[in-house]
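Here is a colleague's note for someone who is opening this structure for the first time. The points are best read with the model in view.

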Amino acid sequence: MGKFVIKETKTGFVFNLKAGNGEVIANSEVYSTESACKNGIESVKANCAAAVEDQTVEGYEQLKNPKFEVYTDKAGEFRFRLKARNGEIIATGEGYKAKAGCLNGIESIKKNAPDAEVVKAE
């Protein structure tokens, strides 16, 4: 089972969503307080069943938020971001060489996030 790990940084708090195997599948922005970070986690849990908007295909259909956006970065790698209903980015993924890997990352979030426990990094 997955878990959200909250970590304190020099500038605030961040979370990582880790799959059952310990692999990080999503990261957050920096939040100013631990409470705001926990709210971000709740938002991911609430919105992770969203549809996928594949921006790598020409003429893709723009979906309403919440949604996962799949796109290519400057390095040509596939990435995703999860947007909440208000359009805020609440989680991002790493760069993947293949689109299939990126889509697997999204599926992993959909599977792991809803029941993931929340822990503080040691």
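1. The model is predicted, and a good place to begin is a charged side chain beside a ring: Arg81 lies over the face of Tyr71, at 3.9 Å from the ring centre. Tyr71 belongs to strand β5, and because its relative accessibility is 19%, Tyr71 counts as buried, the cut-off being under 20%. Leaving aside neighbours within four places in sequence, the residues in contact with Tyr71 are Gln55, Thr56, Glu77, Phe78, Arg79, Phe80 and Arg81. As for its place in the whole, the C-alpha atoms of Tyr71 and Glu34 are separated by 30 Å, the two residues being 37 apart along the chain.

2. The aromatic rings deserve a separate look. A pair of aromatic rings is described by the distance of the centres and the angle of the planes. A search of the whole structure finds three aromatic pairs. One of them is formed by Phe4 and Phe15, an edge-to-face arrangement with 5.5 Å centre to centre and 80 degrees between the planes. This pair links distant parts of the chain, since Phe4 is in strand β1 (residues 3–9) and Phe15 is in strand β2 (residues 12–18), 11 residues apart. Both Phe4 and Phe15 are buried, and together with Tyr31 they form one aromatic cluster.

3. Another edge-to-face pair is made by Phe68 and Phe80, with 6.1 Å centre to centre and 70 degrees between the planes. Here too the pair links distant parts of the chain: Phe68 lies in strand β5 (residues 67–72) and Phe80 in strand β6 (residues 78–83), 12 residues apart. Are Phe68 and Phe80 buried or exposed? Phe68 has a relative accessible area of 0% and is therefore buried, and Phe80, also with a relative accessible area of 0%, is buried as well.

4. A reader checking the backbone should look at the peptide bond that joins Asn65 and Pro66, which is cis, with omega about 0 degrees. Most residues other than glycine have a negative phi, and most peptide bonds are trans. Pro66 is found in the loop between β4 (51–54) and β5.

5. The next point concerns the nonpolar interior. The largest nonpolar core has 28 residues, and those with the most contacts inside it are Phe4, Phe15, Leu17, Val44 and Ile109. At least two residues of this core come from each of β1, β2, β3 (24–27), α1 (34–47), β5, β6, β7 (89–92) and α2 (99–112). In soluble globular proteins, nonpolar side chains tend to be buried together. Val44 may serve as an example: apart from its neighbours within four places in sequence, Val44 is in contact with Phe4, Phe15, Leu82, Ile90, Ala91 and Ala113.

6. Which residues of α1 are buried? They are Cys37, Gly40, Ile41, Ser43, Val44 and Asn47, and because they cover an arc of only 160 degrees around the axis, they are on the same side of α1. The face turned away from that buried side carries the exposed residues Asn39 and Ala46. What covers the buried residues of α1 includes β1, β2, β6, β7 and β8 (117–120). The length of α1 can also be checked: at 1.5 Å a residue its 14 residues should span 20 Å, and its end C-alpha atoms are 20 Å apart, which agrees.

7. The helix α2 can be read with the same questions in mind. Its buried residues are Cys102, Gly105, Ile106, Ser108, Ile109 and Asn112, and seen down the axis of α2 they fall within an arc of 155 degrees, so they line one face of the helix. Exposed residues Asn104 and Lys111 are carried by the face of α2 that is turned away from its buried side. Among the elements that cover the buried residues of α2 are β2, β3, β4, β5 and β6. The 14 residues of α2 should span 20 Å at 1.5 Å a residue, and this agrees with its end C-alpha atoms, which are 20 Å apart.

8. A last place to visit is Asp115, in the loop between α2 and β8. Because its relative accessibility is 57%, Asp115 counts as exposed. The C-alpha atoms of Asp115 and Gly2 are separated by 7.6 Å, although the two residues are 113 residues apart along the chain.

Key: Residues are numbered from 1 along each chain as its sequence is written. Side-chain values use heavy atoms; hydrogens and water are left out. Rings of Phe, Tyr and Trp (its six-membered ring) pair if their centres lie within 6.5 Å; planes under 30 degrees apart count as stacked, over 60 as edge-to-face and the rest as tilted. Helices (H or I, at least four residues) and strands (E, at least two) are DSSP runs, numbered from the N terminus. Buried means under 20% relative accessible area, exposed over 50%, partly exposed in between (1.4 Å probe, protein chains only). A charge sits over a ring if NZ of Lys or CZ of Arg is within 6 Å of the ring centre and within 35 degrees of the ring normal. A nonpolar core is a set of buried Ala, Val, Leu, Ile, Met, Phe, Trp, Tyr and Cys residues joined through side-chain atoms within 4.5 Å. Contact means heavy atoms within 4.5 Å. The expected span of a helix is 1.5 Å times one less than its number of residues. The arc is that of the directions from the helix axis to the C-beta atoms.
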